[in-house]
Amino acid sequence: MNREMISAKGLRKNFGNLEVLKGVDLTVSQGEIISIIGPSGSGKSTLLRCLIHLEKASAGSIHIEGEPIVTTSAEGVVHTPHERQVRHRCRKLGMVFQNFNLFPHKTALENVTEALLVVAKQDKKQAEIRGEEMLAKVGLSDKRDTYPCYLSGGQKQRVAIARALAMGPDIMLFDEPTSALDPELIGEVLQVIKQLASERITMLVVTHEMTFAREVSDRVIFMDDGRILEDAAPDKLFTDPDHPRIKTFLEKML
Amino acid sequence: MDYLLQTTGYIFQGAGVTLKLFIITLAVSLPLGFLCAMGKTSKVKSLRLLMELYTSIVRGTPLLLQLFFVYYGLPILIPGLRFERFTAAAVTFILNYGAYFTEIFRGGIQSIERGQYEASRVLGMSYSQTMLRIVLPQTVKRVLPPVSNEAITLVKDTALVVVLGIGEILRNSKEIVSRDFTISPFIIAAGIYLALNYLLVVLFRKLEKRYAVYE
Ligand SMILES: Nc1ncnc2c1ncn2[C@@H]1O[C@H](COP(=O)(O)OP(=O)(O)OP(=O)(O)O)[C@@H](O)[C@H]1O
Ligand SMILES: [Mg+2]
């Protein structure tokens with residue numbers, strides 16, 4: 001049960017002169033539910049994006065289930081494996097975005113089956129069975145033939161979750177999955193994520209939903225200014241954080 | 001009556017040539033535009049520069065000049081390279097419209113949100129899969145209105161090949177006008193252009209409707 005799913009060491013990322021990640025160390029074990037919180041601009045999204053290689057780290061190393069995505073030699077030379085290899089390794093990860101990023105020209109079901117067809121190379125029948133199964137899981141079986149523009153925000157996000165799950169990732173990354181939603185739609189999405197958590201799918205969730213983070217996570221990571229300021233069990237972090245900054249932040253959030 | 005049938009027939013013969021030029025131009029310049037737009041949005045800098053050069057030269061000079069250049073200029077520049085009139089016209093129109101379509105498609109491709117690429121990527125799709133299955137289909141919808149405009153302009157631009165003495169609608173009508181001192185050929189010609197463009201408008205409206213199922 002203690003398999004290491006993600007290991008990041010000394011992870012740095014800069015955009016030009018702007019240093020956004022200033023040396024992040026992070027290990028995620030199988031089945032762990034981790035929330036990442038922290039002020040805006042602290043590098044939470046950038047961290048997730050580096051893990052799934054939407055951004056290339058500027059230094060440090062990332063291993064997904066033991067396989068390297070990025071490594072840095074002793075001389076400081078950053079190395080990434082061949083693009084196809086990276087893509088293949090990153091298939092262990094699924095990602096859900098704040099803005100859903102559904103394919104607007106495809107129905108809910110087609111959104112879910114697209115990668116099954118072209119990446120997993122399943123045949124149409126097989127992909128549709130899997131796709132329907134995933135839509136059922138997020139409670140949207142009746143929307144299979146609906147285009148995203150006719151779905152509510154909450155429904156869109158649930159389709160996006162189904163789409164990511166369909167590929168059978170070992171680890172799910174959520175980047176503020178409820179931040180673009182009207183308050184009354186947040187619950188249905190959190191419900192789905194909670195259900196995944198109860199199935200012990202390894203996940204990293206960047207969120208501003210403090211109640212969710214506290215209830216669901218095994219660990220909560222507080223990021224500030226490109227660093228992990230504290231990485232602790234939710235009870236510890238929410239009631240007795242080591243850093244006064246975290247206290248101030250939490251007070252503001254409540 | 002006989003006379004009217006005869007003149008109309010002659011003008012319609014010209015319409016055949018016009019139509020042929022129109023169809024050949026669209027059939028080749030649309031894919032050409034797509035390819036060049038891919039080049040223009042690619043990561044390869046030299047390719048981008050080459051496409052930039054192509055589109056700025058073509059879009060920055062008159063179509064009429066380009067016609068003259070291909071028909072009269074090329075044989076001087078490259079001895080032995082002499083196009084037959086219609087071929088010269090088709091080549092010029094394809095290159096000309098290809099450049100405009102390149103710009104339209106480039107704009108369309110670039111209007112697709114970054115999130116679409118990122119979503120495709122995290123699902124494991126390659127760049128070409130992303131382009132073919134996610135980006136281009138959405139681009140088609142967005143470029144339909146400007147492409148439809150270009151197609152209508154193309155119908156009218158075909159009249160320019162009159163300067164090479166190609167017997168299309170306009171030339172044939174004008175011949176009759178100067179021979180018989182009547183303006184009815186011009187009216188027939190206008191009618192044919194209008195009808196062609198009306199057909200195009202209907203066709204594109206149909207296409208747009210088909211793409212209206214989403215967004
Ligand atoms: N592609 C980019 N180019 C330049 N700067 C960027 C880029 N992406 C992010 N940044 C900058 O990096 C910093 C960290 O951004 P990031 O999105 O990781 O923060 P965050 O913790 O997710 O914030 P939020 O809670 O607002 O989502 C910000 O200052 C942001 O402006
Ligand atoms: Mg963010």
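Visitor: Is A:Cys90 buried or exposed?

Guide: Let's begin with the kind of model we have: it is a predicted one. The word "buried" is kept for residues under 20% relative accessible area. A:Cys90 has a relative accessible area of 6%, so it counts as buried.

Visitor: Which cysteine sulfur is nearest to that of A:Cys90, and how many disulfides does the structure hold?

Guide: For a disulfide, two cysteine sulfur atoms must lie within 2.5 Å. Over all chains, the structure holds zero disulfides. A:Cys90 is in none, and the nearest cysteine sulfur, which belongs to A:Cys50, is 11 Å away.

Visitor: What about A:Cys149: how does its accessibility count?

Guide: Between the buried and exposed classes, that is, from 20% to 50%, a residue is called partly exposed. A:Cys149 has 34% relative accessibility, so it counts as partly exposed.

Visitor: Let's turn to the ligand. Which residues come nearest to ligand 1?

Guide: A good way in is to list the surrounding residues and then ask where they come from. There are 13 residues around ligand 1, and A:Ser40, A:Gly41, A:Lys44, A:Ser45 and A:Thr46 come nearest. In chain A, β2 (18-29) and α1 (44-51) each supply at least two residues of this shell. The largest share, three residues, comes from α1(A).

Visitor: How many residues of the shell are nonpolar, polar and charged?

Guide: Seven of the shell residues are polar, four are nonpolar and two are charged.

Visitor: Which side chains place polar atoms by the oxygen atoms of ligand 1?

Guide: Here one looks for N or O pairs within 3.5 Å. A:Thr46 has a polar side-chain atom 2.5 Å from an oxygen atom of ligand 1. For A:Lys44, an N or O atom of the side chain is 2.8 Å from a ligand 1 oxygen. A polar side-chain atom of A:Glu176 is 3.1 Å from an oxygen atom of the ligand. As for cover, ligand 1 taken alone exposes 640 Å², and the protein buries 62% of that.

Visitor: One last residue: where does A:Asp170 lie, and what does it contact beyond its sequence neighbours?

Guide: Start with its place in the fold, then its surroundings. A:Asp170 is in the chain A loop between α5 (153-166) and β8 (171-175). Its relative accessibility is 29%, so it counts as partly exposed. Setting aside neighbours within four places in sequence, A:Asp170 is in contact with A:Met5, A:Glu65, A:Lys92, A:Ile201 and A:Thr202. A:Lys9 is 161 residues from A:Asp170 along the chain, and their C-alpha atoms are separated by 20 Å.

Notes: Residues are numbered from 1 along each chain as its sequence is written. Chains are lettered from A and ligands numbered from 1 in the order in which they are written. This is a predicted model: local features need pLDDT of at least 70, side-chain atom pairs count only at pLDDT 80 or more; totals for chains, interfaces and linings use all residues. Side-chain values use heavy atoms; hydrogens and water are left out. A residue is near a molecule or strand if one of its heavy atoms lies within 4 Å of it. A polar contact is a pair of N or O atoms within 3.5 Å; within protein, one must be able to donate a hydrogen and the other to accept it, and residues adjacent in sequence count only if both atoms are side-chain atoms. Accessible areas come from the Shrake-Rupley method with a 1.4 Å probe; for residues, only the protein chains shown count as cover. Helices (H or I, at least four residues) and strands (E, at least two) are DSSP runs, numbered from the N terminus. Ala, Val, Leu, Ile, Met, Phe, Trp, Tyr, Cys and Pro count as nonpolar, Asp, Glu, Lys and Arg as charged, and the others, Gly among them, as polar. Buried means under 20% relative accessible area, exposed over 50%, partly exposed in between (1.4 Å probe, protein chains only). Contact means heavy atoms within 4.5 Å.
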